[in-house]
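Thanks for asking me to look this one over. Here are my notes, set out as numbered points so that you can follow them with the structure open.

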Amino acid sequence: MSDSPFAVSTVFSIGSIGISQTVVTTWAILAVLGVGSFLATLRLSVKPGPVQEVLELVVTAIDDQIKATISGDPGRFRALIGTLLLFILAANWSSLIPSVEPPTAHLETDAALAVIVFVATIAYGLRAQGVWGYLKSFARPTWVMIPLNLIEQVTRSFSLMVRLFGNVMSGVFVIGIVLSLAGLLVPIPLMALDLLTGAVQAYIFAILALVFIASAVETDAPPKKDPPA
Amino acid sequence: MQFDWITFGLQIVNVLVLLAILRHFLFRPVAGIIARRQAETRAAMDAAEKAKSDALKATALAQQEAEKTAAARHDVLTRAQADAEEQRKQLLEAARKEAAAILAAARADAQKTARDAEAETLRRARDLAEAIAERALSALPVPPTVEGYAARLAETIGALPEDRRAALLGGKNLRVISPHPLSGNDRKIIDAALKPFGIAAAEVQIDPALVAGLDLSSSTGTVHNSLTHDLTRISEALKDDHETRP
């Protein structure tokens, strides 16, 4: 870990664009996940093998979580929520590899994820309720809430970013500090704890993104009553 | 604080690229295969449901067939029992008729046998009677009167051995036995015949059982000279002939 959690180390440059270590690590994760997915789904069969059973378990668990939060077809949100979960999990657990800093320990990655969730929430809300319906959702339960709801849209995405960044970065820093103070084997329990924290943070990020999208997609307006005869 | 906007932008692009990759290579194929399996499972369930329904229908059909078969079996058994009863009655009637015919034939045979036996018996009796009569007639004295019998009596006494004749004549209660009372002429003839043996005016005893003839009897013996004795002797002789015949 570098001295400052906000420091960005450039590995190489493409023209005037400096490619940071975070981006390189993300590319590696992206390659592993992409190639792994390609290889794992090469021979899908109705009678699954062990690898396919694990993949189906993951997809089914994601679908069940989506269905428990949003009614309707879970396939609309499966790719986004699943990608967030798998990427953050892989990024958090990449700290187990020596001399690799998890991309989520850098604010740029967490901010990028939060922006994606922010934009996706708005996009899903507009697609589900239309422009006017989506805008009206900010006036619920009353128009007085409009400023607070608008602020909430930003702050909750900001909190997503900060939560993930703080947890992962602090874990990495703690392990780094303990490693510099104690022996080689002392940080292992902390690393195991970091694995748990990474999984929990990935789950929390994905579930919160799902909840935000659900709040934008599903209207909580009371059902219209039939006019009196 | 340092925030690298280039890294930020690249990370957005990276995550979106990863999203596209995972959507294409992971989530879509896996969800597809799950949906395909669910469809196949539903199809298998539907097929199983249809097979179950078909099996239930087939079971019901088989049940109906079994009931029909049981009813047909019952009918066949009932008809067979009726036929068997009818055949039993017919056989019984035929057996009864046959037995009656056999009985009638046996009775006829028995009657014929009895008639034949009776005829045979009559024939034998006739033959026997003829033989007895023939022998009796041949044994009769000539003439078959008191005179003839007196002469045959004297001849018989004369033929006796001396000792036996003396014993006979010396016995007490010497008498002549006749089947009927004798006339005076008859007594004369008898006395004349017995005179050579020293017998004079012998007492006469009447015994109808002699039928015909004259016997001389005393306490020591009897000289038989009657038709009854002849017939008895002929009968015994015929009996001996019959018993000695093979």
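1. Let me begin at the start of chain A: how many residues lie between E1(A) and E2(A) in their hairpin, and which residue in the turn has a positive phi? There are two residues between the strands, and A:Gly15 is the one in the turn with a positive phi, about 65°. Please keep in mind throughout that this is a predicted model.

2. The pairing in this hairpin is antiparallel and runs over four bridges. Two of the partnerships can be picked out by name: A:Phe12 is bridged to A:Ile19 in E2(A), and A:Ser13 has A:Gly18 in E2(A) as its bridge partner. Strand E1 of chain A, residues 10–14, is hardly covered, with zero buried residues among its five.

3. Helix H1 of chain A comes next in my notes. It covers residues 21–40, and its end C-alpha atoms are 28 Å apart, which agrees with the 28 Å that its 20 residues should span at 1.5 Å a residue. Its buried residues are A:Thr22, A:Val23, A:Thr25, A:Thr26, A:Ile29, A:Leu33 and A:Ser37. Viewed down the helix axis they fall within an arc of 160°, so they line one face of H1(A). On the other side, A:Ala31, A:Val32, A:Val35 and A:Leu39 are exposed.

4. What do the buried residues of H1(A) pack against? Within chain A they meet strand E2 (17–20), helix H3 (75–93) and helix H4 (107–136), and from chain B they meet helix H1 (5–139). One of these partners, H3(A), is itself mostly covered, with 16 of its 19 residues buried. From first C-alpha to last, H3(A) reaches 27 Å, close to the 27 Å expected at 1.5 Å a residue.

5. A:Val59 is a good residue to click on. It sits in helix H2 of chain A, residues 50–69. Is A:Val59 buried or exposed? It has 21 other C-beta atoms within 10 Å, and 20 or more count as buried, so A:Val59 is buried. Setting aside neighbours within four places in sequence, A:Val59 is in contact with B:Phe27, B:Val30, B:Ala31 and B:Ile34. Within chain A, the C-alpha atoms of A:Val59 and A:Ala79 are 9.6 Å apart, although 20 residues separate them along the chain.

6. That leads to the interface as a whole. Here 29 residues of chain B are in contact with 38 residues of chain A. On the chain B side, the residues that touch chain A comprise 20 nonpolar, four polar and five charged ones.

7. Chain B has five helices and four strands, and along the sequence they follow the pattern α-α-α-β-α-β-β-β-α. Buried residues make up 16% of its 246 residues. Of the contacts in chain B with a separation of 6 or more, 73% are between residues 24 or more positions apart.

8. The four strands of chain B form an open sheet of mixed pairing, in the order E2-E1-E3-E4. Strands E2 (203–206) and E4 (221–223) stand at the edges with a single partner strand each, so one side of each has no neighbour in the sheet. On average, and ignoring direction, neighbouring strands are turned by 25° against each other. Strand E3 of chain B, residues 215–218, pairs with E4(B) in the antiparallel sense over three bridges, and B:Ser217 stands opposite B:Thr222 in E4(B).

9. Finally, some backbone points to check by eye. Most residues other than glycine have a negative phi, and most peptide bonds are trans. A:Ser99, in the loop between H3 and H4 of chain A, is not a glycine but has a positive phi of about 65°. A:Ser99 is exposed, with 5 other C-beta atoms within 10 Å. B:Val211, in the loop between E2 and E3 of chain B, also has a positive phi of about 65° without being a glycine. With 14 C-beta neighbours inside 10 Å, B:Val211 counts as partly exposed. The peptide bond from A:Arg140 to A:Pro141 is cis, with omega near 0°, and A:Pro141 lies in the loop between H4 and helix H5 (146–181) of chain A.

Note on methods. Residues are numbered from 1 along each chain as its sequence is written. Chains are lettered from A and ligands numbered from 1 in the order in which they are written. This is a predicted model: local features need pLDDT of at least 70, side-chain atom pairs count only at pLDDT 80 or more; totals for chains, interfaces and linings use all residues. Two residues are in contact if their C-beta atoms, placed from the backbone, lie within 7 Å. Ala, Val, Leu, Ile, Met, Phe, Trp, Tyr, Cys and Pro count as nonpolar, Asp, Glu, Lys and Arg as charged, and the others, Gly among them, as polar. A residue is buried if 20 or more other C-beta atoms lie within 10 Å of its own, exposed if 12 or fewer, and partly exposed in between; C-beta atoms are placed from the backbone. The expected span of a helix is 1.5 Å times one less than its number of residues. The arc is that of the directions from the helix axis to the C-beta atoms. Two strands pair if DSSP finds at least two bridges between them. Axes are lines fitted to C-alpha atoms, for helices over the stretch in contact, and angles run from 0 to 180 degrees between N-to-C directions.
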